[in-house]
2 protein chains.
Amino acid sequence: MRLLPHPAKEDIQLTEVLRALADPVRLEIVVRLATLGEMTCTAAGDHLGVHKSTASHHYRALREAGVIVSKQEGRLKYISLRRGDLDARFPGLLDSVLSASHATT
Amino acid sequence: MRLLPHPAKEDIQLTEVLRALADPVRLEIVVRLATLGEMTCTAAGDHLGVHKSTASHHYRALREAGVIVSKQEGRLKYISLRRGDLDARFPGLLDSVLSASHATT
DNA sequence: ATTATTGTTGGATAGTTGTCAAACAATGAG
DNA sequence: CTCATTGTTTGACAACTATCCAACAATAAT
């Protein structure tokens with residue numbers, strides 16, 4: 001079980017988080033993780049309409065921004081939201097983005 | 001007194017708002033507007049470290065995303081946050097971003 | 001009318017980004 | 001060992017972006 005490099009909680013930058021969330025594909029990934037919890041990269045990227053290498057690129061963007069964390073377990077890699085860290089550093093931000101992402105009208 | 005084109009409230013898109021806020025210069029402009037209220041472009045762009053044409057480019061980005069609105073009055077152009085529209089469409093989002101922008105540590 | 005102020009637009013440029021395809025690496029299964 | 005699965009990396013490419021400078025447009029002041 002290995003963790004991949006990601007910023008420490010106190011090093012998470014607001015503009016980088018916003019940038020990470022400002023892409024429709026990445027936002028959808030985040031919504032899925034928020035709804036379904038930890039999941040493999042394949043599950044997270046399913047039916048996303050992008051090539052798996054593109055999805056992988058987005059996982060890295062999210063991880064480097066501090067939005068998700070990934071841990072390798074055998075052949076699978078599980079990714080999950082850094083809810084606690086994000087809520088501690090930017091209270092309410094993730095929640096408002098998630099609830100905003102459900103606004104249809 | 002002319003208003004410049006900007007999206008209707010219901011047409012404001014989350015990812016575009018996030019993208020607009022995900023730039024340090026634009027975020028600083030938004031923080032200023034939130035703190036000081038309506039102001040001229042010159043005042044908003046003062047001590048920002050970028051050329052006035054660059055600031056103008058950022059005003060357009062913010063306006064087209066639905067974050068600010070600008071109205072021309074004579075020789076001056078006043079810009080202001082669309083707080084009401086943003087709060088109605090994405091409750092809590094702007095507030096959490098603004099309070100997050102004050103997080104130093 | 002001439003000049004100064006305010007802000008936008010267009011061009012140029014360097015850097016970034018989202019995407020796919022192909023190749024690769026690591027691991028588990030037969 | 002050989003093969004299938006999972007995900008990353010690299011290269012290529014087109015699109016976009018942030019920036020500056022110079023020129024322009026609109027308006028107000030002298």
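These legends describe close-up views of a predicted model with chains A and B and DNA strands C and D. Local features need pLDDT of at least 70, side-chain atom pairs count only at pLDDT 80 or more, and totals for chains, interfaces and linings use all residues. Residues are numbered from 1 along each chain as its sequence is written, while chains are lettered from A and ligands numbered from 1 in the order in which they are written.

**View 1. The surface near DNA strand C.** There are 21 residues around DNA strand C (near: C-beta atom, placed from the backbone, within 6 Å of the strand). A:H51, A:G74, B:T42, B:S53 and B:S56 come nearest. Chain A supplies at least two residues from α4 (52-65). In chain B, α3 (41-45), α4 (52-65) and β4 (76-81) each do so. Helices (H or I, at least four residues) and strands (E, at least two) are DSSP runs, numbered from the N terminus. α4(B) gives the most, with five residues. By class, the surface has six nonpolar, nine polar and six charged residues (nonpolar: Ala, Val, Leu, Ile, Met, Phe, Trp, Tyr, Cys and Pro; charged: Asp, Glu, Lys and Arg; polar: the others, Gly among them).

**View 2. The surface near DNA strand D.** Here 22 residues surround the strand. A:T42, A:S53, A:S56, B:S53 and B:G74 come nearest. α3 (41-45), α4 and β4 (76-81) of chain A each supply at least two residues, as does α4 of chain B. The largest share, six residues, comes from α4(A). The classes are six nonpolar, ten polar and six charged.

**View 3. The contact between chains A and B.** Each chain is represented by 21 residues (contact: C-beta atoms, placed from the backbone, within 7 Å). On the side of chain A that touches chain B, α1 (14-21), α2 (24-36) and α6 (93-100) of chain A give two or more residues. α1(A) gives the most, with five. This side divides into twelve nonpolar, five polar and four charged residues.

**View 4. The β3-β4 hairpin of chain B.** Six bridges join β3(B), residues 68-73, to β4(B) (strands pair if DSSP finds at least two bridges between them). The two strands run antiparallel. B:E73 stands opposite B:L76. Two residues lie between the strands, and B:G74 takes a positive phi near 60°.

**View 5. The buried face of α1(B).** B:L14, B:V17, B:L18, B:A20 and B:L21 are buried in this helix, residues 14-21 (buried: 20 or more other C-beta atoms, placed from the backbone, within 10 Å of its own). Seen down the axis, these residues fall within an arc of 160°, so they line one face of the helix (arc: that of the directions from the helix axis to the C-beta atoms). Their cover includes α1 and α6 of chain A. It also includes α2 (24-36), α4 and α6 (93-100) of chain B.

Terms used. Two residues are in contact if their C-beta atoms, placed from the backbone, lie within 7 Å. A residue is buried if 20 or more other C-beta atoms lie within 10 Å of its own, exposed if 12 or fewer, and partly exposed in between; C-beta atoms are placed from the backbone.
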